[in-house]
Structures are given as C-alpha cells and as structure tokens.
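Work through the exercises below with the sequence and the model open. Each task is followed by a solution in steps.

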Amino acid sequence: MSKEKLKKTLGSSYQYRQRLTSDEVRQLQKENPSWVTNQTAASLIAGYVRLDAVLYREGNELRLAYDLFVKDHPNATEWVCYDNPEETVCLNEDGMCDVLDRLVQGHGLSYTECCFPCLEGKTIKKHPLDMKLDRR
C-alpha cells in the first residue's frame, strides 16, 4: 500500500518520525561512542504495526537494523516485538513505508485489525510503604 493511501486510510494512526539523519548515523558508527546502546533513528507507525530503524551495539560495532512491532489490542499502550527483519535499512519515510508494507504482506499482518489475542503482562503492586510515601 502506498504512503499516500496509508495516510488517507489511517489518518492520525499513521505517524513517521526521523530522529537521526543518515549522516548522523554514519558519524555515530564511525565515532562509535560507548554510550550508544540502542538508539531509534526513525520510526513509522501505521495502525497496528510499527517499524523502527534502530542503531544498536553488536560487539564493538554500531549496526543499523529494523525492529517490527505489533499491537495486541487497539487501546494497548505497549508494542510487542514481532520480528527483526534482515532488510537493508532506509531512514526516509518512503523507503520505510515500502519495507513495512512488504513485511505486513509477508507476515499476514494488518494495519487496521489486530491479529493476536491480548497478552496479559505483569503488573507491579505497590508496597504498603510506597503508598504511605505517596500520601506525603
């Protein structure tokens, strides 16, 4: 599905953000600062799926790769990592849209429908002492 069609179909559920340019990624890879561990360079959200281009540390190198996420419920605030596809990473919106569409089609995912049952995560109950501290 083209970027324009996705934007029209999904409205505000379509979002693209680029946090680092290709030049900035190359510079970070060249300098290889120790503080860089996982840095999202760009993110494309299209309904129930999200594609992130992530700069991550592998051994003593910084690499750029994609992470594919899905939602297990329309109102879920958290994303579930679905795949780490081995695709050539492109940071521009059109390129990421093309990759996301191939992945959605290839995995039988949907932009507009949830394909998974809701996953119940762990919840942390407050300790009584913490509740007393909150009241101060």
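Two strands pair if DSSP finds at least two bridges between them. The model used here is predicted.

**Exercise 1.** Determine how E4 and E5 are joined, then place them in the sheet.

Solution. Start with the bridges: strand E4 (residues 61-70) and E5 are joined by 3 of them. The cut-off is at least two, so E4 and E5 pair, and they run antiparallel. At residue level, Val70 stands opposite Val80 in E5. Next, extend to the whole sheet: 5 strands in the order E1-E2-E3-E4-E5 make an open, antiparallel sheet. Its edges are strand E1 (14-18) and strand E5 (80-83), each pairing on one side only. On average, neighbouring strands are turned by 35° against each other, direction ignored.

**Exercise 2.** Describe how H3 packs against H1 and against the sheet.

Solution. Take the helix pair first. The axes of helix H1 (residues 3-10) and helix H3 (residues 93-107) are 10 Å apart, at an angle of about 80°. H1 is therefore roughly perpendicular to H3. Then list the contacts: Lys3, Leu6 and Lys7 in H1 meet Glu93, Asp94 and Cys97 in H3. Sorted by type, these residues are 2 nonpolar, no polar and 4 charged. Finally, turn to the strands: H3 lies across E1, E2, strand E3 (49-58), E4 and E5, and runs at about 110° to E3.

**Exercise 3.** Which rings have the charged end of Arg50 or Lys71 over them?

Solution. For Arg50, the ring is that of Phe69, with its centre 4.1 Å from the charged end. For Lys71, the ring is that of Trp79, at 5.0 Å from the centre. A search for aromatic pairs gives 0.

How values were computed. Residues numbered from 1 in each chain as written. Predicted model: local features only at pLDDT ≥ 70, side-chain atom pairs only at ≥ 80, totals over all residues. Heavy atoms only, no water. Axes fitted to C-alpha atoms, helices over the stretch in contact; angles between N-to-C directions. Helix = DSSP H or I, 4+ residues; strand = E, 2+ residues; numbered from the N terminus. Parallel < 35°, antiparallel > 145°, perpendicular 65-115°, else oblique. Contact = heavy atoms within 4.5 Å. Nonpolar A, V, L, I, M, F, W, Y, C, P; charged D, E, K, R; others polar. Phe/Tyr/Trp six-rings, centres within 6.5 Å; stacked < 30°, edge-to-face > 60°. Lys NZ or Arg CZ within 6 Å of the ring centre and 35° of its normal.
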